[in-house]
Amino acid sequence: MLNIALPKGRLGDQVLNLFSSIGFQCAEIYENDRRLVLESPDHQLRYLLVKPSDVAIYVEYGAADVGVVGKDILLEGNPDVYELLDLQIGKCRLAVAGKEDYTENPEAVLRVATKFPNVAKKYYSSLNRDIEIIQLNGSIELAPILGLSDVIVDIVESGKTLRENHLKVLSEIVPVSARLIANRASYLFKNEIITDMTRKLQEAVE
Amino acid sequence: MDLLDMLRRDERITLELRALYEKYGYRKYRMSKFEEYGLYLENKNFLKSQQIITFHDLDGRVLALKPDVTLSIAKNTHASASSSEKFYYLENVFRLDKRAGGYREISQLGLEYIGKLDARASWEVMCLAQQTLAAIHPRHRMQLSHMGFWISLLNGLNVDALLRQELMDLIRGKRLHELKTKLAGMAPAAEKLILDAAALSGEFTQTLSAARQLAIYQGMSDALDELESIYQLLEAKKWQQDLTLDFSLVSDSEYYGGLIFQGYVEGVPRALLTGGYYGNLLKKFGRDLDAIGFAVDLNELSFLFRSVPASDVDVLILYDQDADLDALLTQADMLMAEGRKVRLEQSAPEGVRAETVYHFTKKGLKEAEKNA
């Protein structure tokens, strides 16, 4: 039995379709059902649908053997797992954004609101820039509007949310996409199925 | 009651392993919990984390709570070219642990072989590492690699230290898609060589012959020769089936320059045993010697042995205030002589689970009603 942790939501749906297209089925059950644990008809696979930011934790601790998770989560949490493949879906980017009329004051400590404190710290330390992190858990876009922060570091997909809030991308930090990750011990003990899955997924995304 | 039966599984395994190491002629090394902080300052590249608990001794010296045992053994060894030393240790070390959110005391069982060592010595340590895993869990696997292979390859391609660090991080995480991006700009042949080497993983003999195809430098071939000779000895003892050769296993530490390995058992999500060849560390201490060893993080055994005993004591005797104490003690002695764990109390202590509860009154011992 292989346990596969997937992020709940739109990305999870996409991934389930991708997995079933290469013979790791479960999609039919998924459409009729909203359970958190789904098994394949032959009981060889078990899909766990978890909060996207928890996927890497499930895999790191071996509760799931493999998982699919956004690169943003991996950069932030830096879990000790194998990252086997870039699945080329769920594409977006981590970026710095601010108000449309924002100009930076280089003499002041920059206040950065974000859900990704580690990514923000690392990015600004590479620029030698002193910052103060304001960690938020949602509605990051509000922070510069209310003057809570100068800028935000956040995921940007189409940029629509930013435009609606009169914000713009100031600089891009790193492109993000969904990655296939594996637990280190599982990679040894369930090597055959994991390498087979990786190879098939690679062929499917190329 | 058999004394061994009293031990927890992990305590029992520790004792079995100590007996195993003693059988192979390893002596127990006992050391102080403290070490001069300077030792770690001078050898910080050997340690995984630079964070160390330090304090001032009465004479003003800065001491540290040991984050590592191998460094102390390497510093103090009396081994020479003609006289090797074999130690094992069971010590607690103090390290910063991201998962614990602070410092953690880690119980380590380890083994070191120092001197002029041949393939047989490496094989012996590998064999003991395998037997260590087998004692912990019947389903176990050992991952093997050789830093000499990578060092020779990256030196040959003139990869600078900064890029080398970045490449090692990508290789360790099997992030081949990112490694490819990082190598863009390098000569296509060099890029392909590094990518192919990073992907080397699997059954030992197949992976070794695939690695042979890539060995364009002498140091790479030497590393593979060494792996092969150890493998042949392991094969003779039928230890080879649990081996995986995986060149994504790389070490951060510049002191690991040769064979490295990691052991896994089913049920523990990360490596339980780590080890390798660290002759470079001995050379740094001015001794031209070889050294190889490994350590097991005993804290990780808690992933395997979580079961709580069904009861805390076999018999709980609740006695009245005016009970005949002589008769009570005689009763208790009789039960203990039968090998049972007995606890005497006037009222049942909270949270203590007993297999049988007795009431001791003037009339003698009477079993309490279940679910009372």
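**Note on chain B and its contact with chain A**

1. Chain B gives 14 residues to the contact and chain A gives 14 residues; two residues are in contact if their C-beta atoms, placed from the backbone, lie within 7 Å. On the side of chain B that touches chain A, six residues are charged, four are polar and four are nonpolar. Here Ala, Val, Leu, Ile, Met, Phe, Trp, Tyr, Cys and Pro count as nonpolar, Asp, Glu, Lys and Arg as charged, and the others, Gly among them, as polar.

2. This is a predicted model, in which local features need pLDDT of at least 70 and side-chain atom pairs count only at pLDDT 80 or more, while totals for chains, interfaces and linings use all residues. Residues are numbered from 1 along each chain as its sequence is written, and chains are lettered from A and ligands numbered from 1 in the order in which they are written.

3. Chain B has 13 helices and 16 strands. These are DSSP runs, numbered from the N terminus: helices are H or I with at least four residues, strands E with at least two.

4. The C-alpha trace of chain B spans about 95 × 55 × 40 Å along its principal axes. Of the 372 residues in chain B, 35% are buried, meaning that 20 or more other C-beta atoms lie within 10 Å of the residue's own.

5. Helix 6 (residues 147-156) of chain B is largely enclosed by the rest of the structure, because eight of its 10 residues are buried. Among them are B:Phe149, B:Trp150 and B:Leu153. The cover over the buried residues includes helix 7 (161-172) and strand 10 (259-265) of chain B.

Note on methods. A residue is buried if 20 or more other C-beta atoms lie within 10 Å of its own, exposed if 12 or fewer, and partly exposed in between; C-beta atoms are placed from the backbone.
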